[in-house]
Amino acid sequence: MAKPDKPKPKNLPSEHWKEEPDEHDYPAAGDYLSLLMEAEEVEAAVKALRGSTIIHLKAKDLLRSSRLALLPPDNAHVAIDLEKVRQGELLSPLLLLRGDAARDVPLTVADGYHRICASYHINENADIPCHLVSMPTTAQATPSTPPADSADYPGLGG
């Protein structure tokens with residue numbers, strides 16, 4: 001027997017998304033990504049996000065693949081997004097970097113985590129517009145070698 005969908009919060013429309021992300025979402029994504037990547041990679045990722053086309057994914061799948069926790073509806077940022085939807089404002093699509101299952105790297109939500117959670121509380125199965133790109137590739141990392149006098153650095157050999 002199919003499990004019924006969770007009840008939707010009252011007075012919330014099911015369609016609540018803009019066609020394209022807000023312009024300020026791209027620098028916000030870059031700020032977040034700068035904590036995870038080098039500047040050149042951030043620039044490449046944001047450029048790729050700007051040039052990608054919209055696809056539609058479900059909130060429940062986005063949360064699972066990103067390994068992010070569902071924030072409650074009373075979280076300050078989620079509540080703001082839910083109120084926007086109540087007021088008839090459209091939310092900005094998400095900016096995402098594809099994960100890599102072979103390397104156990106989850107989906108990266110560059111911008112839109114709170115919007116995913118808000119949408120989940122409205123309807124976890126609704127399609128969310130997203131820009132999704134692959135992680136920028138970097139040069140093959142070379143193994144680090146201990147300094148010449150590794151006795152000065154415990155744990156590095158010598």
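1. In what order do the four strands of the open sheet stand, and with what pairing? In this predicted model, the order across the open sheet is β1-β4-β2-β3, and the pairing is mixed. Because β1 and β3 stand at the edges and each has a single partner strand, one side of each is left without a neighbour in the sheet. Taken on average and with direction ignored, neighbouring strands of this sheet are turned by 45° against each other.

2. The pairing can be followed from one strand to the next, and it helps to keep a general point in mind: strands of a sheet pair through backbone hydrogen bonds, either parallel or antiparallel. Strand β1, residues 54–58, runs antiparallel to β4 and is joined to it by five bridges. Within this pair, Leu 57 stands opposite Ile 128, and Lys 58 has Asp 127 as its bridge partner.

3. On the next step across the sheet, β4 and β2 run parallel and are joined by four bridges. Here Leu 95 stands opposite His 131 of β4, while Leu 96 stands opposite Leu 132 of β4. Strand β2 is also joined to β3, this time by three bridges and in an antiparallel manner, and the bridge partner of Leu 96 in β3 is Val 109. Leu 96 can therefore be followed into two strands, with Leu 132 opposite in β4 and Val 109 as partner in β3.

4. Are the faces of β2 covered or left open? Both are covered, since Leu 94 and Leu 96 on one side and Leu 95 and Leu 97 on the other are all buried. This agrees with a general rule, namely that in a regular strand the side chains alternate between the two faces of the sheet. Strand β4 is likewise mostly covered, with six of its seven residues buried.

5. Helices lie against the sheet as well. Helix α2, residues 39–51, packs on the sheet and touches β2 and β4, and its direction makes about 135° with that of β4. Helix α3 lies across β1, β2, β3 and β4, and runs at about 85° to β1.

6. Helix α5 deserves a separate look, for it is mostly covered, with eight of its 11 residues buried. The buried residues form an unbroken list from Arg 115 through Ile 116, Cys 117, Ala 118, Ser 119, Tyr 120 and His 121 to Ile 122. What do these buried residues pack against? Their partners are the helices α1, α3 and α4 together with the strands β2, β3 and β4.

7. The largest pocket holds about 320 Å³ of space. It is lined by 16 residues, and those that lie nearest its centre are His 24, Asp 25, Asp 81, Lys 84 and Arg 115. The elements that give two or more residues to this lining are α4 (76–86) and α5 (113–123), and α4 gives the most, with four residues. By type, the lining divides into four nonpolar, five polar and seven charged residues. Arg 115 thus appears twice in this note, as a buried residue of α5 and as one of the residues nearest the centre of the largest pocket.

8. The second largest pocket has a volume of about 240 Å³. Of the 10 residues that line this second pocket, Met 37, Glu 41, Arg 103, Met 135 and Pro 136 are the closest to its centre. Its lining divides into five nonpolar, three polar and two charged residues.

Definitions and conventions. Residues numbered from 1 in each chain as written. Predicted model: local features only at pLDDT ≥ 70, side-chain atom pairs only at ≥ 80, totals over all residues. Heavy atoms only, no water. 1 Å grid on protein atoms, 1.4 Å probe; cavity = no way out; pocket = protein on both sides within 12 Å on 5 of 7 lines; lining within 4 Å. Points joined across faces, edges and corners; volume = space filled by probe spheres on them. Nonpolar A, V, L, I, M, F, W, Y, C, P; charged D, E, K, R; others polar. Buried < 20%, exposed > 50% of the residue type's maximum accessible area, 1.4 Å probe, protein only. Contact = heavy atoms within 4.5 Å. Pairing = 2+ DSSP bridges. Axes fitted to C-alpha atoms, helices over the stretch in contact; angles between N-to-C directions.
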